[in-house]
Amino acid sequence: MTARGAAFYGLQTMRNLILSFAVILAPHAALAQIDRCGTVPGAGAYQLDLARPPSVVRIADNAAIPPDPANRDWACYQAWLTAGNTPLPAPVPPSQTTISANQFFGRFTAAETQAIWSAAAADQTGRIGSGLTHGLAAGSVSLTDPVLKQWLDALVASGAMTGERETAVLTP
């Protein structure tokens with residue numbers, strides 16, 4: 001063993017001894033469990049995990065902790081809860097703003113689809129027809145694209161759909 005390895009081993013052994021004494025001397029069972037975990041995390045030390053419910057994530061090292069009573073990390077988390085702490089809520093996944101052309105056109109009712117085709121045929125400017133062709137050719141549609149908003153505004157102006165439906169179509 002190198003001198004550096006021996007020093008590291010010595011520090012780890014000393015840390016483990018200190019933690020062992022803290023567990024023996026701790027007057028409260030929950031506090032003893034937290035001491036054995038090597039930390040007394042404050043609020044926000046854990047976060048609920050939507051990807052693997054009812055797991056939690058320890059924020060310090062981004063470790064996923066499964067709900068297993070035999071798992072030391074889960075026991076530490078339970079002790080942390082018993083001490084009156086509350087985990088952060090699970091993060092809200094971002095809304096999908098780019099969808100396939102089929103998904104996009106699937107947002108319209110049959111009556112709206114017919115009205116869109118009729119408006120495209122009657123449109124003297126070509127804006128509705130070109131927007132329709134562009135949407136079909138692209139294969140995907142970004143709901144935040146200003147050109148899409150202009151196309152939908154033209155549909156509202158033509159009477160093919162209402163402003164309320166335009167908002168619903170643009171909602172991720």
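**Entry 1. Ground rules**

I take helices (H or I, at least four residues) and strands (E, at least two) as DSSP runs, numbered from the N terminus. The model is predicted, so I note that local features need pLDDT of at least 70 and side-chain atom pairs count only at pLDDT 80 or more, while totals for chains, interfaces and linings use all residues. Residues are numbered from 1 along each chain as its sequence is written, and side-chain values use heavy atoms, with hydrogens and water left out.

**Entry 2. Overview**

I looked up the secondary structure first and found eight helices and five strands. Along the sequence I read the pattern α-α-β-β-β-α-β-α-α-α-β-α-α. Buried residues (under 20% relative accessible area; exposed is over 50%, partly exposed in between; 1.4 Å probe, protein chains only) make up 30% of the 172 residues. I then took contacts (heavy atoms within 4.5 Å) between residues at least 6 apart in sequence, and 55% of these join residues at least 24 apart.

**Entry 3. The sheet**

Two strands pair if DSSP finds at least two bridges between them. On that rule I find an open sheet of three strands in the order E1-E2-E3, with antiparallel pairing. Strand E1 (46–48) and strand E3 (63–65) are its edge strands, each pairing on one side only. Neighbouring strands of the sheet are turned by 30° against each other on average, direction ignored. For these angles, axes are lines fitted to C-alpha atoms, for helices over the stretch in contact, and angles run from 0 to 180 degrees between N-to-C directions. E1 and E2 are joined by three bridges in the antiparallel sense.

**Entry 4. Arg58**

I followed Arg58, which sits in strand E2 (residues 56–58) with Tyr46 opposite. Is Arg58 buried or exposed? Its relative accessible area is 18%, so I enter Arg58 as buried. Its side chain makes a polar contact with the side chain of Asp61, at 2.9 Å. A polar contact is a pair of N or O atoms within 3.5 Å; within protein, one must be able to donate a hydrogen and the other to accept it, and residues adjacent in sequence count only if both atoms are side-chain atoms. Leaving aside neighbours within four places in sequence, I list Ala45, Tyr46, Ala63, Ile65 and Asp73 as contacts of Arg58.

**Entry 5. The loop between E2 and E3**

Asn62 lies in this loop. Most residues other than glycine have a negative phi. I noted Asn62 for its positive phi, near 60°. Asn62 is exposed, because its relative accessible area is 62%.

**Entry 6. Helix H3**

Helix H3 (residues 72–82) lies across E1, E2 and E3 and runs at about 95° to E1. At its start, I see a side-chain oxygen of Asn71 within 2.7 Å of the backbone nitrogen of Asp73. After H3 comes Gly84, with a positive phi near 100°. Which residues of H3 are buried? I get Trp74, Cys76, Tyr77, Ala79 and Trp80.

**Entry 7. Aromatic rings**

Rings of Phe, Tyr and Trp (its six-membered ring) pair if their centres lie within 6.5 Å; planes under 30 degrees apart count as stacked, over 60 as edge-to-face and the rest as tilted. I count nine aromatic pairs by this rule. Tyr77 and Trp80 are a stacked pair, because their ring centres are 6.1 Å apart and their planes stand at 25°. Both belong to helix H3, three residues apart, about one turn of the helix. Tyr77 is buried at 5% relative accessibility, and Trp80 is buried at 0%. Phe104 and Phe105, with centres 5.2 Å apart and planes at 70°, are edge-to-face. Phe104 is buried at 1% and Phe105 at 18%. Back at H3, ring pairs link Tyr46, Trp74, Tyr77 and Trp80 into a cluster.

**Entry 8. Nonpolar cores**

A nonpolar core is a set of buried Ala, Val, Leu, Ile, Met, Phe, Trp, Tyr and Cys residues joined through side-chain atoms within 4.5 Å. The largest holds 21 residues, and those touching the most other members are Phe104, Phe108, Leu148, Trp151, Leu152 and Leu155. Helix H4 (101–105), helix H5 (110–122), helix H6 (127–138), helix H7 (146–158) and helix H8 (163–170) each give two or more residues to this core. H7 supplies the largest share, five residues. I checked Phe108: apart from neighbours within four places in sequence, its contacts are Thr113, Ile116, Trp151, Leu152, Met161, Arg165 and Val169. Another core, of eight residues, lies apart from the largest one, and Val56, Ile65, Cys76 and Tyr77 are among its members.
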